[in-house]
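Reader: Hi! I'm new to reading protein structures, and I'd love a close look at one part of this one. Could you pick a stretch, start with the term I need, and then show me how its surroundings fit in?

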Amino acid sequence: MLKGFKDFLMRGNVVDLAVAVVIGAAFGKVIDSFVDILMNLIGKLGGQPNFNSFNPSDVPVGAFLTALISFLIIAAAIYFMVVAPMNAIAARRKAGVEETEAPSEEASILMEIRDELRRR
């Protein structure tokens with residue numbers, strides 16, 4: 001039972017997922033600090049570092065505006081820091097590499113057997 005558990009943990013997908021979670025948490029801290037900087041800059045333009053106290057006609061929309069601006073900044077940061085560079089790398093790889101797949105090991109063995117049979 002423990003061997004099965006060890007095999008499960010050492011599978012590539014689980015290890016990749018663990019690495020992704022750790023990297024994601026670290027990247028989340030970077031993005032949070034970036035959002036704080038931009039929110040403070042936006043707040044300096046509008047006079048408030050955060051919009052939570054904005055209540056026009058006693059409707060508390062300030063927290064929503066703060067969350068919305070935070071979301072937009074996070075989405076833009078992820079797009080420009082992760083998605084766009086990864087798309088550019090993928091496009092370069094696709095343009096530079098021709099798709100010529102080598103036959104699988106089984107196919108090459110079968111071709112060898114076929115060639116031997118033809119020689120006889």
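Author: Happy to! Let's begin with the word "helix": here it means a DSSP run of H or I that is at least four residues long, with helices numbered from the N terminus. One more thing before we look: this is a predicted model.

With that term in hand, take Gly4, which sits in helix H1, residues 2–10. Gly4 counts as partly exposed because its relative accessibility is 43%, and partly exposed covers the range between 20% and 50%. Now follow the chain 47 residues along from Gly4 to Phe51: the C-alpha atoms of these two are separated by 52 Å.

Phe51 brings us to the part I'd like to look at closely, the nonpolar core and the helix beside it. The largest nonpolar core has 6 residues, and Phe51 is a member together with Ile31, Val35, Met39, Ile73 and Ala77. Helices H2 and H3 each supply at least two of these core residues, and H2 gives the most, with 3. For your bearings, H2 spans 12–46 and H3 spans 62–96. Let's pause on Ala77 from this core: once its neighbours within four places in sequence are set aside, Ala77 is in contact with Ile31, Phe34 and Val82. Ile31 is therefore a fellow member of the core as well as a contact of Ala77, if you apply the contact rule of heavy atoms within 4.5 Å.

Next, the surface. A nonpolar patch is formed there by Ile78, Tyr79, Phe80, Met81, Val82, Val83, Met86 and Ile89, with about 720 Å² of accessible area together. Val82, the contact of Ala77, belongs to this patch. Ile78 lies in helix H3 and is partly exposed, with a relative accessible area of 34%. Tyr79, at 42%, is likewise partly exposed, whereas Phe80 is exposed at 60%. Tyr79 and Phe80 also bring us to the aromatic rings: the structure holds 1 aromatic pair. The pair is edge-to-face because the ring planes of Tyr79 and Phe80 stand at 80°, with the ring centres 5.1 Å apart.

Let's step back to the loop between H2 and H3, which contains Ser57 and Asp58. Here is a general point to keep in mind: most residues other than glycine have a negative phi. Ser57 has a positive phi, near 55°, and Asp58 has one of about 60°. Both are open to the outside: Ser57 is exposed at 72% relative accessibility, and Asp58 is exposed at 73%.

Finally, a look at charged residues further along the chain. As a general idea, side chains of opposite charge can pair when their charged atoms come close. The count comes to 2 salt bridges. One joins Glu116 to Arg119, with the closest N and O atoms 2.9 Å apart. These two lie in helix H4, residues 105–119, and are 3 residues apart, about one turn of the helix. Glu116 is partly exposed at 39%, while Arg119 is exposed at 64%. In the other bridge, Asp115 pairs with Arg114, and their closest N and O atoms are 3.4 Å apart. Asp115 is partly exposed at 29%, and Arg114 is partly exposed at 38%.

Terms used. Residues numbered from 1 in each chain as written. Predicted model: local features only at pLDDT ≥ 70, side-chain atom pairs only at ≥ 80, totals over all residues. Heavy atoms only, no water. Phe/Tyr/Trp six-rings, centres within 6.5 Å; stacked < 30°, edge-to-face > 60°. Buried < 20%, exposed > 50% of the residue type's maximum accessible area, 1.4 Å probe, protein only. Core = buried A, V, L, I, M, F, W, Y, C linked by side-chain atoms within 4.5 Å. Patch = residues over 30% accessible without salt bridge, like charges linked within 9 Å, V, L, I, M, F, W, Y side chains within 5 Å. Areas by Shrake-Rupley, 256 points an atom, 1.4 Å probe, with all protein chains shown as cover. Salt bridge = Lys/Arg side-chain N within 4 Å of Asp/Glu carboxyl O.
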